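Student: I'd like to go through this model with you, starting with the aromatic side chains and then moving on to other things. Could you take me through it?

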Amino acid sequence: MENNNTRYWAIVNGVRLGPMGLEELARLSLSPETPVWHPGLPDWCAASTIPELRAYMDANIPPVPPMPPVPPVSSYFSTQVSQTPYIPEVPRQQQPMPPTYLVWSIITMLLCCVPTGIVAIVYSSKVNSRFTSGDYEGAKKASENAAIWILATVVLGLIALPFQIIMALV
Amino acid sequence: MTRRVKLTLTISGIVALVAILLLYASFNPADNPFPRCVFLSLTGFKCPGCGSQRALHALLHAEFCQAWHYNPLLIISIPFLALLAFSQVMKHRFTKLYNNLNGGMVIWTVFIIVIAWWIFRNIFDW
């Protein structure tokens, strides 16, 4: 019981460490020559000469095995808007997902009186599906197509406007 | 598209939206010579957006039941559009939200709802 309460000091790399318990001392990577002292000893002694420490040092603990390479955390989201600023091997992931223009697709579909806005929604969805499958160029193209169809819807709506007003008046 | 073109488009879009809102707040499309849907005039079928003008007018006059009667899709879309616009603006702050909303699932759901609504309203004459 007395041993458990004993405080130890050690000199590791020229730095005096302590006071600490036996467990804590053993956890330091001590060599047999590391100077260790505890109350009751006349002077620093080599770690190997201290019986209670020997028990720890003799125990044949296997060395830490080399860690297997940890696969990169493949987050679903990191493939879309790149959160990792620089990955030289995979240049695609640096590219943020092209805009889907979903907001404008829906607004034009609802307000322009021309159902071509639905085509824009189809292209909006293609932006994401192509981007997640790695087809960055395809995603960009779909994004542009979505924008073109939104503009086309607006223009068609504007062209139709005067005709519609005339029809409503007649 | 360059940044400037994008900005111009976004601003003109917002200006157009505000103008539309003001216009529909002051005129009632039901009794004024407002344009009718091209698709409806040409084919006789309603498009998913038919009734949005009247619904917008009703909505801007706080007549929610009336607005729902004209075009429920418009009413449902407004909070969704607000959320989308928010995530668009705060894209870098709420990346996860933006990616979720622009994910394939959400857009396909929107598409299916629109098509289903289109078919439904023509069959049941909503």
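Student: How many aromatic pairs does a search of the whole structure find?
Tutor: This is a predicted model, and a search of the whole of it finds nine aromatic pairs over all chains.

Student: What is the geometry of the rings of A:W9 and A:W37?
Tutor: The ring centres of A:W9 and A:W37 are 5.4 Å apart and the planes stand at 50 degrees, so this pair is classed as tilted. In general, the distance of the centres and the angle of the planes are what describe a pair of aromatic rings.

Student: And where do A:W9 and A:W37 lie?
Tutor: A:W9 belongs to strand β1 (residues 8–12) of chain A and A:W37 to strand β3 (residues 35–37) of chain A, so the pair ties together parts that are 28 residues apart in sequence.

Student: Is A:W9 buried or exposed? Then what about A:W37?
Tutor: A:W9 counts as buried, because its relative accessibility is 17% and the cut-off for that class is under 20%. A:W37, at 25% relative accessibility, counts as partly exposed.

Student: Switching chains, how are the rings of B:W117 and B:W126 arranged?
Tutor: Their centres lie 5.6 Å apart with the planes at 80 degrees, so the pair of B:W117 and B:W126 is edge-to-face. B:W117 is buried, with a relative accessible area of 9%, whereas B:W126 is partly exposed at 31% relative accessibility.

Student: Which residues do ring pairs link into a cluster there?
Tutor: The cluster consists of B:W117, B:F120, B:F124 and B:W126, linked by ring pairs.

Student: OK, on to charges. How many salt bridges turn up over all chains?
Tutor: The search of the whole structure gives one salt bridge over all chains, and it is formed by the side chains of B:K46 and B:D125, with an N to O distance of 3.7 Å.

Student: Which parts of the chain does that pair link?
Tutor: The pair links distant parts of the chain, since B:K46 sits in the loop between α2 (38–43) and α3 (52–60) of chain B, while B:D125 is in the segment after α7 (104–124) of chain B, 79 residues apart. B:D125 is exposed, with a relative accessible area of 60%.

Student: What does the rest of chain B look like in terms of helices and strands?
Tutor: Chain B has seven helices and zero strands, so from the N terminus on its elements run α-α-α-α-α-α-α. Of its 126 residues, 35% count as buried, and among contacts in chain B between residues at least 6 apart in sequence, 47% join residues at least 24 apart.

Student: And chain A, how many helices and strands?
Tutor: Chain A has six helices and four strands, in the pattern α-β-β-α-β-β-α-α-α-α when read along the sequence. Of the 170 residues of chain A, 36% count as buried, and 49% of its contacts between residues at least 6 apart in sequence join residues at least 24 apart.

Student: I was also looking at A:T116; where does it lie?
Tutor: A:T116 is in the loop between α4 and α5 of chain A, and it is buried, with a relative accessible area of 16%.

Student: Which residues does A:T116 touch, leaving out those up to four places away in sequence?
Tutor: With those left out, A:T116 touches A:W149, A:T153 and A:L156. The side chains of A:T116 and A:T153 are joined by a polar contact of 3.0 Å.

Student: Last topic, the interface. What area is buried between chain A and chain B?
Tutor: About 3400 Å² is buried between chain A and chain B, and carbon and sulfur atoms give 78% of that area.

Student: Which elements give two or more residues to the side of chain A that touches chain B?
Tutor: They are α4 (102–111), α5 (117–132) and α6 (136–169) of chain A, with the largest share, nine residues, coming from α6(A). By class, that side of chain A has 27 nonpolar, seven polar and no charged residues.

Student: How many residues does each chain bring to the contact?
Tutor: The contact takes 34 residues from chain A and 43 residues from chain B.

Student: And how many residue pairs are in polar contact between the two chains?
Tutor: Three residue pairs are in polar contact between chain A and chain B, counting pairs with both residues at pLDDT 80 or more, and the rule finds zero salt bridges across the interface.

Methods:
Residues numbered from 1 in each chain as written. Chains lettered and ligands numbered in written order. Predicted model: local features only at pLDDT ≥ 70, side-chain atom pairs only at ≥ 80, totals over all residues. Heavy atoms only, no water. Contact = heavy atoms within 4.5 Å. Buried area = accessible area lost by both parts, 1.4 Å probe. Salt bridge = Lys/Arg side-chain N within 4 Å of Asp/Glu carboxyl O. Polar contact = N/O pair within 3.5 Å; in protein donor to acceptor, adjacent residues only side chain to side chain. Nonpolar A, V, L, I, M, F, W, Y, C, P; charged D, E, K, R; others polar. Phe/Tyr/Trp six-rings, centres within 6.5 Å; stacked < 30°, edge-to-face > 60°. Buried < 20%, exposed > 50% of the residue type's maximum accessible area, 1.4 Å probe, protein only.
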